[in-house]
Amino acid sequence: MPASVVAGNWKMNTTVSEAVALAAGVKDGASSAGNVELVLCPPFVSLTAVRDAVQGSAVKVGAQNMYHQDSGAFTGEVSPGMLQGLCEYVIIGHSERRQLFCETDESVNDKIKAAQAAGLKPILCVGESLEEREAGKAMDVNSGQVRAGLDGVTDASGLIVAYEPVWAIGTGQAATPGIAAEVMGGAIYEALRGIFASAADQVPLLYGGSMNAGNAGDFAAQDCIHGGLVGGAALQADQFLQVAAAVAAAKA
Ligand code: PGA
């Protein structure tokens with residue numbers, strides 16, 4: 001079975017000092033998460049401070065994005081090499097980046113390859129819109145995003161895939177565990193099997209979209225769900241730790 005992981009996607013929230021306080025709060029309560037790997041993904045400007053704040057604990061750090069080139073005339077962008085030493089993980093292809101910042105399956109694929117080449121662990125985000133779900137395309141959209149995002153990728157080690165239905169993000173309307181399991185254990189897992197064969201069985205699959213302390217245990221009770229990618233509920237240390245504790249209890 002893959003490792004259990006609960007990652008906090010702080011999005012464009014927290015100043016540096018707020019980020020340090022939040023990270024310290026998570027570090028202080030981290031033992032309540034049992035064997036669940038905790039990953040904090042603050043804004044770029046807080047990566048160094050958050051890395052320092054969690055030092056000496058098992059809490060890991062991730063970035064929310066990166067560019068695929070090593071260096072050069074790419075104003076405003078951050079390279080994989082710049083993240084080395086600051087974080088272990090990097091979120092790639094979040095739906096907000098796809099929708100608001102024009103990311104495509106091709107650019108996501110470039111970033112996944114560049115992250116792996118730099119020794120970073122990518123958290124590949126996929127998920128269908130409400131329109132796509134209502135048109136009966138949810139399974140095809142998710143398997144297509146997994147296959148395109150991982151085109152040419154041969155190594156599954158370190159890879160995490162997060163299923164985040166766009167209609168469930170930040171809406172308070174989480175998917176049901178049944179819907180999530182249908183997509184994750186079906187379309188997403190099958191696509192990973194097609195790419196990585198039995199190595200797919202070690203890829204943690206995270207649910208994301210209005211996950212909170214009240215519903216995390218029900219998601220994690222599904223065999224094909226190994227944790228969560230948490231937005232709103234990750235901005236308070238106690239709530240984030242409760243999500244992780246619920247996942248730990250469901251997987252015990
Ligand atoms: P949410 O965000 O938990 O606030 O819905 C999840 C995400 O976008 O990663």
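Tutor: Let's start with a rule: two strands count as paired if DSSP finds at least two bridges between them. Strands themselves are DSSP runs of E with at least two residues, and helices are runs of H or I with at least four, all numbered from the N terminus. This is a predicted model, where local features need pLDDT of at least 70 and side-chain atom pairs need 80 or more, while totals for chains, interfaces and linings use all residues. Residues are numbered from 1 along each chain as its sequence is written, and side-chain values use heavy atoms, leaving out hydrogens and water.

Student: OK, so why are E2 and E3 called a pair?

Tutor: E2 (residues 37-41) and E3 (residues 60-63) share 2 bridges, and the rule asks for at least two, so they pair. Their sense is parallel. One bridge partner to look up is valine 61 in E3, which goes with leucine 40.

Student: What makes E4 a partner of both E3 and E5?

Tutor: Bridges again! E3 and E4 are joined by 2 bridges, and E4 and E5 by 4, so both meet the cut-off of at least two. Both pairs run parallel. Glycine 62 sits opposite tyrosine 89 of E4, and valine 90 is across from proline 122 of E5.

Student: What do the strands build together, and in which order?

Tutor: A barrel of 8 parallel strands, closing in the order E1-E2-E3-E4-E5-E6-E7-E8. From one strand to the next, the twist averages 25 degrees.

Student: Why is proline 43 called buried?

Tutor: Buried means under 20% relative accessible area, exposed means over 50%, and partly exposed is in between (1.4 Å probe, protein chains only). Proline 43 has 15%, so it counts as buried. You'll find proline 43 in the loop between E2 and helix H2 (47-54).

Student: What does proline 43 touch?

Tutor: Contact means heavy atoms within 4.5 Å. Skipping residues up to four places away in sequence, proline 43 touches Trp10, Lys11, Asn13, Thr14 and Gln64.

Student: And serine 129, is that buried or exposed?

Tutor: Buried, because its relative accessibility is 17%. Serine 129 lies in the loop between E5 and helix H6 (130-134), and its contacts beyond four places in sequence are Val166 and Trp167.

Student: How many aromatic pairs are there?

Tutor: The structure has 3. One of them joins tyrosine 207 and phenylalanine 219, with 4.1 Å centre to centre and 5 degrees between the planes. That pair ties together parts 12 residues apart in sequence, because tyrosine 207 is in strand E7 (residues 205-208) and phenylalanine 219 in helix H9 (residues 216-220).

Student: Why is that pair called stacked?

Tutor: Rings of Phe, Tyr and Trp (its six-membered ring) pair if their centres lie within 6.5 Å; planes under 30 degrees apart are stacked, over 60 edge-to-face, and the rest tilted. The values 4.1 Å and 5 degrees meet both limits, so this is a stacked pair. Both residues are buried, and with Tyr163 they form one aromatic cluster.

Student: What makes the approach of lysine 11 to the ligand a polar contact?

Tutor: The limit for a pair of N or O atoms is 3.5 Å; within protein, one must be able to donate a hydrogen and the other to accept it, and residues adjacent in sequence count only if both atoms are side-chain atoms. A side-chain N or O atom of lysine 11 is 2.7 Å from a ligand oxygen, so the pair qualifies. For asparagine 9, the side-chain distance to a ligand oxygen is 3.4 Å, and a backbone N or O atom of glycine 232 is 2.9 Å from one.

Conventions
Axes fitted to C-alpha atoms, helices over the stretch in contact; angles between N-to-C directions.
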